Amino acid sequence: MKHFYICILFLLAGKIFPQYTVKGKVFDAGTKEPVPFANVILKGTAAGASTDFDGNFIITTEKLSDSLIATYIGFQRATIHIKRGVSQTINVPLHPISGGITLTEITVKAGENPAWRIIRAAVAHKKTNNKDKLDAYQYEAYNKLEFDLNNIPKKLKDNAAFKPIKFIFNNVDSANSSEKPSLPLFMIDTISELYFKKGPNGKKEVIKANRISGVQNASISQVMGDMYQNINVYDNDLIIFGKNFKSPIADNAIFNYKFYLEDSLYIDNKWCYHIRFKPRRQQELCFSGNMWIADTTFGIKRLEMSIPMDANINFINSANVIQEFDRVDSVWMLKKDRIVKKLSFGVKAID
C-alpha cells in the first residue's frame with residue numbers, strides 16, 4: 001500500500017500542461033503603421049502583453065479563450081476571434097475613434113494634477129538619468145535609413161527617371177498586408193561602433209559594415225542627408241529641421257504642456273506611469289504624444305510623440321518619434337530610436 005501512494009505522487013508531479021502561443025502585430029487600419037505599446041489580452045483570462053516598438057506582441061498561455069482584445073488610446077477597441085487549442089498568428093487592425101472620445105460624467109474637485117508630481121520628479125532627475133552626464137561611454141549601433149514613396153501620381157510613374165524600374169509600380173499594391181503600400185527608393189544600412197568622451201571633438205564613430213541600395217539620384221541623396229535627427233528628450237530644447245521645440249520634460253514643461261496621467265503598469269519588470277501630453281496653446285512648437293516614466297528613478301522608459309500640424313516645416317507633412325530606453329548602471333540609455341517622416345513635394349523635386 002505504501003508503494004501505491006508513492007506512484008500516485010510521481011504521476012501528479014509529472015503531469016504536463018500544454019502551452020499555446022498567440023502572436024501577431026497591431027497596426028493602424030488607416031495608415032498601416034504599427035501601433036507600439038498597445039494592450040493585448042485574451043478575453044476572460046489574465047494572459048496578455050504589450051506590443052513592442054514595431055507593434056508586435058507574443059502571448060504564451062496554458063489556456064486559450066475564444067477571442068483576442070486589443071486596446072489603445074484614440075482607437076476603437078478591437079476583438080478578434082481565435083481558434084481554441086492551437087498556437088496561431090493574428091494581425092489586429094485598430095480603427096481611430098472618429099469625433100473624439102466620449103467620456104462619462106465625472107466630478108472634479110479642487111487639487112493638483114496628479115501628473116504634475118511625476119513630471120516634476122522626471123525634471124528633477126534629468127541630470128541623473130541623462131547619458132550625457134557620463135565622462136565616457138561606447139556602444140554598437142545599427143542604423144537603417146529608408147526613403148519610401150507612396151501615393152504615387154500617374155505623372156510621376158511616367159517620369160523618364162523611373163523608366164528602367166517602371167514595372168515595379170505595378171507590384172506596389174499591398175492592400176492585404178499590414179504594411180502601408182510604398183515603393184522603397186533608397187536605403188542605407190550601417191553597423192558601427194560609437195565612442196563618446198567629454199570634451200571638444202569627443203565623439204567618434206567607426207563604421208564596421210555599410211550597405212547602400214536603391215535609386216542613385218542627387219535630389220534624393222540631398223533630401224536624405226537632412227533626415228536624421230539626434231533627439232535627446234532630456235534636453236530642454238530640441239532642434240528639429242531648424243526649429244526649436246520644447247521637450248515634454250523641459251525645466252518649465254508644465255507651462256508649455258498639458259499632462260494627463262492615463263495609467264500605471266509594468267514594462268520589462270519596471271513599474272511605469274503612462275502620461276499623455278499635448279501643447280498648452282495652439283501654434284506653440286511643442287509635441288503631442290505619450291511617455292512612460294519609471295517609478296523611483298523617474299527616467300523615460302518609452303516615448304512616442306509627433307510634431308504639430310501647424311509647425312510649418314518645408315516638405316514635412318508629419319513626423320513621429322518613437323524611442324525606447326533601458327537603464328544601464330545609473331543612466332537610461334537609448335535602446336531603439338524610430339523616426340517616421342511623411343514628406344510632400346512636387347514631381348520636379350525628384351526629377
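A residue counts as buried when its relative accessible area is under 20%. By that cut-off Thr 61, with a relative accessible area of 9%, is buried. The tour below applies this term to a predicted model.

**The whole chain**

Begin with the entire protein, coloured by secondary structure and then by confidence. The secondary structure comes to 6 helices and 18 strands. Of the 351 residues, 38% are buried. Among contacts with a separation of 6 or more, 55% join residues 24 or more positions apart.

The mean pLDDT is 78, and 72% of the residues reach 70 or more. Confidence is lowest in helix 1 (residues 2–13), at a mean of 43, and highest in helix 2, at 95. Select residues 1–14: the pLDDT there is below 50, and the stretch has 0 contacts beyond near neighbours in sequence. Select residues 347–351 as well, where the pLDDT is also below 50 but 10 contacts beyond near neighbours in sequence are present. Where pLDDT is low, the predicted coordinates should not be read in detail.

**Thr 61**

Next, select Thr 61, which is found in strand 4 (residues 56–61). A polar atom of the Thr 61 side chain lies 3.0 Å from the backbone oxygen of Lys 63. Display the residues around Thr 61: apart from neighbours within four places in sequence, its contacts are Pro 18, Gln 19, Tyr 20, Leu 42 and Ala 47. Leu 42 leads to the next stop, as it belongs to strand 2.

**Strand 2 and its sheet**

Select strand 2 (residues 39–42) and show its side chains. Val 40 and Leu 42 form the covered face, whereas Asn 39 and Ile 41 form the uncovered one. In a regular strand the side chains alternate between the two faces of the sheet.

Now add the partners of strand 2. Strand 3 (residues 48–50) runs antiparallel to strand 2 and is joined to it by 3 bridges; here Val 40 stands opposite Ala 49. These two strands form a hairpin with 5 residues between them, and Gly 44 in the turn has a positive phi of about 80°. Strand 5 (residues 67–71) is also antiparallel to strand 2, with 4 bridges between them, and Asn 39 stands opposite Thr 71 in strand 5.

With strand 6 added, the view shows an open sheet of 4 strands in the order 3-2-5-6, with antiparallel pairing. Why is one side of strand 3 and of strand 6 (78–81) left without a neighbour in the sheet? Each stands at an edge and has a single partner strand, so one side remains without a neighbour. On average, neighbouring strands of this sheet are turned by 15° against each other, direction ignored.

**The nonpolar core**

Hide the sheet and turn to the largest nonpolar core, which has 62 residues. Those with the most contacts inside this core are Leu 68, Leu 94, Phe 259, Phe 287, Met 291, Ile 293 and Ile 300. Helix 2 (residues 114–124) gives the most to the core, with 6 residues. In soluble globular proteins, nonpolar side chains tend to be buried together.

Select Phe 259 from this set. Beyond residues up to four places away in sequence, Phe 259 touches several others, including Asn 113, Trp 116, Ile 119, Pro 248, Ile 275, Phe 277 and Met 291.

**Helix 2**

Finally, select helix 2 together with Asn 113. Asn 113 caps the N-terminal end of the helix, a side-chain oxygen lying 2.9 Å from the backbone nitrogen of Ala 115.

Which residues of helix 2 are buried? They are Ala 115, Ile 118, Ile 119, Ala 121, Ala 122 and Val 123. An α-helix has 3.6 residues a turn, so residues three or four places apart point the same way. The cover over the buried residues of helix 2 includes helix 3 (126–129), helix 6 (253–256), strand 13 (257–267), strand 14 (270–279) and strand 15 (288–294).

End on Ile 119, a residue of helix 2 that counts as buried at 1% relative accessibility. Setting aside neighbours within four places in sequence, Ile 119 is in contact with Ile 254, Phe 259, Ile 275, Met 291 and Ile 293. A distance from Ile 119 to Ile 254 closes the tour: they are 135 residues apart in sequence and 7.9 Å apart in space, C-alpha to C-alpha.

Key. Residues are numbered from 1 along each chain as its sequence is written. Side-chain values use heavy atoms; hydrogens and water are left out. Buried means under 20% relative accessible area, exposed over 50%, partly exposed in between (1.4 Å probe, protein chains only). Two strands pair if DSSP finds at least two bridges between them. A nonpolar core is a set of buried Ala, Val, Leu, Ile, Met, Phe, Trp, Tyr and Cys residues joined through side-chain atoms within 4.5 Å. Contact means heavy atoms within 4.5 Å. Axes are lines fitted to C-alpha atoms, for helices over the stretch in contact, and angles run from 0 to 180 degrees between N-to-C directions. A polar contact is a pair of N or O atoms within 3.5 Å; within protein, one must be able to donate a hydrogen and the other to accept it, and residues adjacent in sequence count only if both atoms are side-chain atoms. pLDDT is the predictor's confidence in each residue, from 0 to 100.
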